[in-house]
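Here are some friendly notes to read alongside the coordinates. I have set them out as numbered points, with a short paragraph for each.

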Amino acid sequence: MILPTKHISQNEALLGVGATVLSNLQEPMTVSGLWERLRSEPNVGTFERFVLAANLLYMVGAIDIENGLIVKAAP
């Protein structure tokens with residue numbers, strides 16, 4: 001589910017959902033604010049997939065939490 005397979009497209013795998021999350025995270029945002037922005041994205045779909053993708057991004061160090069806001073991690 002993290003990586004695409006022959007049954008899960010690249011866009012629908014958590015890696016693709018994470019890319020959508022990162023591309024929409026232009027400024028520090030709350031979790032609920034980011035979810036509101038992404039809830040209509042077809043590849044994100046559900047809040048569960050959004051949270052799983054956010055967890056994946058946090059685990060690999062792509063996003064961080066600062067003062068209760070989600071921010072892109074410094075490269």
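By about what are Phe-47 and Phe-50 separated in helix α3? They sit three residues apart in that helix, so about one helical turn lies between them. Please keep in mind throughout that this is a predicted model.

1. The Phe-47 and Phe-50 pair. The centres of these two rings are 5.8 Å apart and the planes stand at 40 degrees, so the pair is tilted rather than stacked or edge-to-face. The two residues differ in how they are covered: Phe-50 is buried, at a relative accessible area of 1%, whereas Phe-47 is partly exposed, at 41%.

2. Trp-35 and the aromatic cluster. The structure has three aromatic pairs. In one of them, Trp-35 and Phe-47 have ring centres 5.3 Å apart and planes at 80 degrees; an angle over 60 counts as edge-to-face, so that is the label for this pair. The pair links distant parts of the chain, with Trp-35 in helix α2 (residues 31-38) and Phe-47 in helix α3 (residues 47-59), 12 residues apart. Trp-35 has 12% relative accessibility and therefore counts as buried, the cut-off being under 20%. Together, Trp-35, Phe-47 and Phe-50 make up one aromatic cluster.

3. How α1 meets α3. Helix α1 (residues 14-24) packs on α3 at an angle of about 85 degrees, and the axes are 9 Å apart. That angle falls within 65 to 115 degrees, so α1 is roughly perpendicular to α3. On the α1 side the contact involves Leu-14, Leu-15, Val-17, Gly-18, Val-21 and Leu-22, and on the α3 side Arg-49, Phe-50, Leu-52, Ala-53, Leu-56 and Leu-57. Of the residues in this contact, 10 are nonpolar, one is polar and one is charged. Phe-50 is worth a second look here, as this residue belongs to the aromatic cluster and also takes part in the contact with α1.

4. How α1 meets α2. For this pair of helices the angle is about 110 degrees, with the axes 11 Å apart. The two are therefore roughly perpendicular to each other. Thr-20, Val-21 and Asn-24 of α1 meet Leu-34, Arg-37 and Leu-38 of α2. The residues of this contact divide into three nonpolar, two polar and one charged. Val-21 appears in the contact with α2 and in the contact with α3.

5. The buried side of α1. Which residues of α1 are buried? They are Leu-14, Gly-16, Val-17, Gly-18, Thr-20, Val-21 and Asn-24. Their cover includes α2 and α3. Asn-24 may be a good residue to inspect: its relative accessible area is 19%, and being under 20% it therefore counts as buried. Setting aside neighbours within four places in sequence, Asn-24 is in contact with Met-29, Leu-34, Arg-37 and Leu-38.

6. The salt bridge. The count comes to one salt bridge. The side chains of Arg-39 and Glu-36 form this salt bridge, at 2.9 Å from N to O. Arg-39 is partly exposed, at a relative accessible area of 44%, and Glu-36 is also partly exposed, at 48% relative accessibility.

7. Asn-67 in the loop between the strands. Where does Asn-67 lie? Asn-67 is in the loop between β1 (63-66) and β2 (69-72). Its phi is near 55 degrees, a positive value in a residue other than glycine, so you may like to look at the backbone here yourself. At 82% relative accessibility, Asn-67 counts as exposed, the cut-off being over 50%.

8. Val-71 and its contacts. Val-71 belongs to strand β2 and counts as buried, with 9% relative accessibility. Val-71 and Pro-28 lie 43 residues apart in sequence, yet their C-alpha atoms are 4.7 Å apart in space. Not counting residues up to four places away in sequence, Val-71 touches Leu-25, Pro-28, Ala-62, Ile-63, Asp-64 and Glu-66.

Methods: Residues are numbered from 1 along each chain as its sequence is written. This is a predicted model: local features need pLDDT of at least 70, side-chain atom pairs count only at pLDDT 80 or more; totals for chains, interfaces and linings use all residues. Side-chain values use heavy atoms; hydrogens and water are left out. Rings of Phe, Tyr and Trp (its six-membered ring) pair if their centres lie within 6.5 Å; planes under 30 degrees apart count as stacked, over 60 as edge-to-face and the rest as tilted. Helices (H or I, at least four residues) and strands (E, at least two) are DSSP runs, numbered from the N terminus. Buried means under 20% relative accessible area, exposed over 50%, partly exposed in between (1.4 Å probe, protein chains only). Axes are lines fitted to C-alpha atoms, for helices over the stretch in contact, and angles run from 0 to 180 degrees between N-to-C directions. Angles under 35 degrees count as roughly parallel, over 145 as roughly antiparallel, 65 to 115 as roughly perpendicular and the rest as oblique. Contact means heavy atoms within 4.5 Å. Ala, Val, Leu, Ile, Met, Phe, Trp, Tyr, Cys and Pro count as nonpolar, Asp, Glu, Lys and Arg as charged, and the others, Gly among them, as polar. A salt bridge is a side-chain nitrogen of Lys or Arg within 4 Å of a carboxyl oxygen of Asp or Glu.
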